[in-house]
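Please find below some notes on the model you sent. They begin with the fold as a whole and then turn to two individual residues.

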Amino acid sequence: QVHLVESGGGLVQAGGSLRLSCAASGRANSNYAMAWFRQAPGKEREFVAAISWSGHSTYYTDSVKGRFTISRDNAKNTMYLQMSSLKPEDTAVYSCAAEVVWSDYVPLQEYSHWGQGTQVTVSS
């Protein structure tokens with residue numbers, strides 16, 4: 001089992017930046033692909049970005065490409081989402097997720113372990 005805790009959310013003006021962190025604990029023997037999802041009020045949960053265990057492969061939803069950067073530091077058991085040029089449409093609860101993998105495969109939807117989320121609010 002792995003326990004995930006997000007941090008770094010808050011209120012920011014449009015055009016500003018935030019860096020979200022996801023700290024993982026509880027499992028050191030397995031490799032994990034990790035991802036960020038978000039859910040805005042009244043909308044379905046949406047995939048945002050994902051990263052392979054090695055960090056070699058990254059994926060982004062079209063709406064955040066060029067603005068968000070996903071990264072990870074396995075020595076610190078932490079994943080990050082650097083968000084720049086934020087828009088009001090980015091307002092959502094952002095959750096991190098992890099999935100055990102036996103290669104450098106990166107799921108885009110099938111994740112078993114989830115954090116509770118951190119609120120990101122972008123004002124116009």
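1. From the N terminus on, the order of elements is β-β-β-β-β-β-β-β-β-β-β. The chain has eleven strands and zero helices. Please keep in mind throughout that this is a predicted model.

2. On overall dimensions, the chain has a radius of gyration of 14 Å. This agrees with the value near 14 Å that a compact globule of 124 residues would have. Along the principal axes, the C-alpha trace spans about 45 × 25 × 25 Å.

3. On packing, 44% of the 124 residues are buried. Of the contacts between residues at least 6 apart in sequence, 59% join residues at least 24 apart.

4. On the surface, about 6700 Å² is exposed by the chain, and carbon and sulfur atoms supply 46% of that area. The chain carries 10 positive and 10 negative charges, and the mean positions of the two sets are 5 Å apart.

5. Where does S52 sit in the chain? S52 belongs to the loop between β5 (46–51) and β6 (58–60). Despite the loop setting, S52 counts as buried, because its relative accessibility is 0% and the cut-off for burial is under 20%.

6. Which residues surround S52, apart from neighbours within four places in sequence? S52 is in contact with S57, R72, D104 and V106. With D104, the link includes a polar contact between the two side chains, at 3.1 Å.

7. Q119 lies in strand β11, which covers residues 118–123. Is Q119 buried, exposed or partly exposed? Its relative accessible area is 40%, so Q119 is classed as partly exposed; that class lies between the buried limit of under 20% and the exposed limit of over 50%.

8. Setting aside neighbours within four places in sequence, Q119 is in contact with G9, G10, T91, A92 and V93. The side chain of Q119 also makes a polar contact with the side chain of T121, at 3.3 Å. T121 falls within the four places left out of that list.

9. One further distance concerns R38, which is 81 residues away from Q119 along the chain. The C-alpha atoms of R38 and Q119 are separated by 9.3 Å.

10. To put the two residues side by side: S52 is a buried residue placed in a loop, whereas Q119 is a partly exposed residue placed in a strand. Each has a side-chain polar contact, S52 with D104 and Q119 with T121.

Conventions
Residues are numbered from 1 along each chain as its sequence is written. This is a predicted model: local features need pLDDT of at least 70, side-chain atom pairs count only at pLDDT 80 or more; totals for chains, interfaces and linings use all residues. Side-chain values use heavy atoms; hydrogens and water are left out. Helices (H or I, at least four residues) and strands (E, at least two) are DSSP runs, numbered from the N terminus. Buried means under 20% relative accessible area, exposed over 50%, partly exposed in between (1.4 Å probe, protein chains only). Contact means heavy atoms within 4.5 Å. A polar contact is a pair of N or O atoms within 3.5 Å; within protein, one must be able to donate a hydrogen and the other to accept it, and residues adjacent in sequence count only if both atoms are side-chain atoms. The radius of gyration is taken over C-alpha atoms; the globule rule is 2.2 Å times the number of residues to the power 0.38. Accessible areas come from the Shrake-Rupley method with a 1.4 Å probe; for residues, only the protein chains shown count as cover. Lys and Arg count as positive and Asp and Glu as negative; His and the chain ends are not counted. The place of a charge is taken as NZ of Lys, CZ of Arg, CG of Asp or CD of Glu.
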